[in-house]
Each structure stands twice: as C-alpha cells, then as structure tokens.
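The following paragraphs lead the reader through the fold, from strand pairing to the nonpolar interior. The sequence and the model are shown first.

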Amino acid sequence: MTVTFKGVPMTLCGKTLREGGSLPDFTLTGNGLEMVRGSELTGIRVLLTVPSLDTGVCDLEVRRFNETAAQFEGVSVYAVSMDLPFAQKRWCGAAGVDRVRCLSDYRDHSFGKATGTRIEELGLLTRAVFVADEEGKLVYVEYVPEVAEHPDYEACLNCLKKLPGSCRAAE
C-alpha cells in the first residue's frame, strides 16, 4: 500500500490490515517504559496511529478522540506513535489528554510492522485508525491516504455506536 506525505508517495512496511481480520499481536512501550503487549489490551479498542504528537494534525486528532470517542463506555482509545514515551507523557499533560492512552513503537517498530503502518522513508507511522471489537476482530480500518490530513472521524464514531458493549457515557 502507498500513502502520500505532502503529495510525495511513501511506502508502508508490514501487512495491511482489513476489516473482518484479527488485530495482530505487537509490543509497545508505555509512558513509564513498561512493555505493553497487544494481547493485554482488551475490550473494544480504538488504535490511532500518528506520525508525531507534536505536529498540528496529530495534536488535533488525539485531542478530538479524547473528547469524543473516549466518551463511549466500554471503549479504550490508544494513540500509537514513534515519539519517545517521555515526549508522549509531556504532550498528554500539556494537552490535557487523559482519556487516550499514548503508547510508543520506538523500540522495535513491532506495531508498525504488524499493522502495515511503518513508513519506510521516514521511519514514522502513517496516520491510520483501527477499531477492534471485544474478540479482537477488526470492525473498522482506515489508512488515511494523505498523512498530513485527518481521518474520517464520523465513520469511526458511527462504527463505535453500532458495536455491542459500547454505549454513550452519561453526560
């Protein structure tokens, strides 16, 4: 699969995921430098991949998911990037992001390779959104064609609304 970054074609490494498939296993690093295996993430999961939290589109995307998708009871939202865990923790604190858990793929690029989101030319992750149900089946997959653009928020949120076990939190 090829995506573009500011109009320049980029090559994605790893296996492209598809709706109906299973969320693959991977290993990430949490903000305390702890290892986090994909198999440890349970329930309904939204996994956002972003190039870097310190860029405008990524910043807005994660903030938006913090305010909207994270309001669903029974849904866990994760933002995955190559940013170091220290930078992720700093960014979350400065941005007031407290309902999206940031995880880093900096160590061995396990997530990027397992999900086909690692950009060969940049060594970063492309922008993508994956929604897995409670059994780990992928019910929504979006690889954003232009890395510098936003994902389809409404399509992802509509998918979440239809999932059993996901309900809007009381406002």
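Two strands are said to pair if DSSP finds at least two bridges between them. In this predicted model, S81 has S104 of strand β8 as its bridge partner. The strands concerned are β7 (residues 75-81) and β8, which run parallel and are joined by five bridges. Together with helix α2 (residues 85-95), β7 and β8 make a right-handed β-α-β unit. Strand β8 spans residues 100-104, and four of its five residues are buried, so this strand is largely enclosed by the rest of the structure.

A further set of strands is arranged in the antiparallel sense. Four strands, in the order β1-β2-β9-β10, form an open sheet. Its edges are β1 (2-5) and β10 (124-125), each of which pairs on one side only. Four bridges link β1 to β2 (residues 8-13) in an antiparallel pairing, and within β2 it is V8 that stands opposite F5.

The nonpolar interior may be considered next. The largest nonpolar core contains 29 residues, and those with the most contacts inside it include V46, V77 and L160. At least two residues of this core come from each of β5 (44-49), α1 (56-67), β7, α2, β8, β11 (128-132) and α4 (153-162). Helix α4 gives the largest share, five residues. Beyond its neighbours within four places in sequence, V77 is in contact with V46, L48, F65, A69, A70, R99, V100 and R101. A second core of 25 residues is separate and has L23, M82, L103 and L125 among its members.

How values were computed
Residues numbered from 1 in each chain as written. Predicted model: local features only at pLDDT ≥ 70, side-chain atom pairs only at ≥ 80, totals over all residues. Heavy atoms only, no water. Buried < 20%, exposed > 50% of the residue type's maximum accessible area, 1.4 Å probe, protein only. Right-handed = clockwise from strand over helix to strand, strands pointing away. Core = buried A, V, L, I, M, F, W, Y, C linked by side-chain atoms within 4.5 Å. Contact = heavy atoms within 4.5 Å.
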